[in-house]
Amino acid sequence: MERKFQALRTPRTAGLVGIIFALLLAAAIVLVRVAVPDVPGNVGNAWVTNPSRRHTVQTALNLIPFAGIFFLWFMGAVRARIGEAEDQFFAMVFLGSGLLFVATLFGAAAAAGGLLVTADVSGAGSKLQGWSFGHHVTYSLLTTYAMRMAAVFTFSTSTIGQRLGVLPRWLSLVGYLVALTLLLVSGTIAWSELVFPMWALVVSLHILVAGLRAGPGPDVAS
């Protein structure tokens, strides 16, 4: 009976935690992009000496750990929904890319937090020690490494979902387009990182609606 309850609830759980993850990550990206422009020079340093912008960045950093936690739950729930029919190769890529995405996302947040704490707010933006290094590390981890891992995760999830019929064909195709966007332009076009939480939101809504439509089903064999 316990296995039956878990099997029936997994799709809804995946949908709910995926929606929360998507909203948290999107909010964090928007807050960082608004408060910390990805531009060189004193204009990009202005947020450090601006209390309002510093508070905005700190708020975004506080959202990142919760986004990562919900993403891990989302991964587990989606994998449980796929079940034993998953391909071992794509399952390994799915798991590895998801874990690396969370690791690099946390690394970017830690780098930004360290920059926020160690910045000398009493000096002018052009005199901030280590600003260029910290700014480059933060944006590289977020837009280059984390988003590339997100692209691999999106591709593997879309492939598994299409092969097993968990995702409709149109949603798998959207996933491939999102993966290409994250791979090719996430480091050069601002705000392109938002396609990943948007994709996760659409997938989560699909899983949630599919679970609600299915309703109670037959017993799951033990």
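Two residues are in contact when heavy atoms lie within 4.5 Å. In this predicted model, Phe21 touches Ala67, Phe70, Phe71, Phe101, Phe196 and Ala200, with residues up to four places away in sequence left out of the list. Phe21 is found in helix α1. Its relative accessibility is 0%, so Phe21 counts as buried, the limit being under 20%. The C-alpha atom of Phe21 is separated by 9.2 Å from that of Leu72, a residue 51 places away along the chain.

The overall architecture is helical. The protein chain has seven helices and zero strands. Read along the sequence, the pattern is α-α-α-α-α-α-α. Of the 222 residues of the chain, 43% count as buried. Contacts between residues at least 6 apart in sequence were also examined. Of these, 80% join residues at least 24 apart.

The largest nonpolar core holds 48 residues. Within this core, Phe21, Leu25, Phe71, Phe101, Phe153 and Phe196 touch the most other members. Two or more core residues come from each of α1 (2-35), α3 (51-82), α4 (88-118), α5 (131-164), α6 (169-184) and α7 (195-214). Helix α3 gives the largest share, 12 residues. In soluble globular proteins, nonpolar side chains tend to be buried together.

Aromatic rings were then considered. A search of the whole structure finds 14 aromatic pairs. One of them joins Phe21 and Phe101, whose ring centres are 6.4 Å apart. The planes of Phe21 and Phe101 stand at 90 degrees; edge-to-face requires over 60, so this pair is edge-to-face. Phe21 belongs to helix α1 and Phe101 to helix α4, so the pair ties together parts that are 80 residues apart in sequence. Phe101 is buried, with a relative accessible area of 0%.

Phe101 also pairs with Phe71. The ring centres of Phe71 and Phe101 are 5.1 Å apart. Their planes meet at 65 degrees, so this pair is edge-to-face as well. Phe71 lies in helix α3 and Phe101 in helix α4, so the pair ties together parts that are 30 residues apart in sequence. Both Phe71 and Phe101 are buried.

These rings belong to a wider group. Phe21, Phe71, Phe74, Phe94, Phe101, Phe153, Phe196 and Trp199 form one aromatic cluster. Of the cluster members, Phe71, Phe101 and Phe196 are among the residues that Phe21 touches. Phe153 and Phe196 are also among the core residues that touch the most other members.

Internal cavities were examined last. The count comes to two cavities of 30 Å³ or more. The second largest has a volume of about 40 Å³. Its lining consists of Val78, Ile82, Thr157, Gly161, Val166, Leu167, Val203 and Ile207. Helices α3, α5 and α7 each give two or more residues to this lining. By residue class, the lining of the second largest cavity divides into six nonpolar, two polar and no charged. Gly counts as polar here, so Gly161 falls in the polar class.

Technical notes. Residues are numbered from 1 along each chain as its sequence is written. This is a predicted model: local features need pLDDT of at least 70, side-chain atom pairs count only at pLDDT 80 or more; totals for chains, interfaces and linings use all residues. Side-chain values use heavy atoms; hydrogens and water are left out. A nonpolar core is a set of buried Ala, Val, Leu, Ile, Met, Phe, Trp, Tyr and Cys residues joined through side-chain atoms within 4.5 Å. Buried means under 20% relative accessible area, exposed over 50%, partly exposed in between (1.4 Å probe, protein chains only). Helices (H or I, at least four residues) and strands (E, at least two) are DSSP runs, numbered from the N terminus. On a 1 Å grid over the protein atoms alone, a cavity is a set of points where a 1.4 Å probe fits but cannot get out, and a pocket is an open set with protein on both sides within 12 Å along at least five of seven lines; lining residues have an atom within 4 Å of a point. Grid points are joined across faces, edges and corners, and a volume is the space filled by probe spheres set on the points. Rings of Phe, Tyr and Trp (its six-membered ring) pair if their centres lie within 6.5 Å; planes under 30 degrees apart count as stacked, over 60 as edge-to-face and the rest as tilted.
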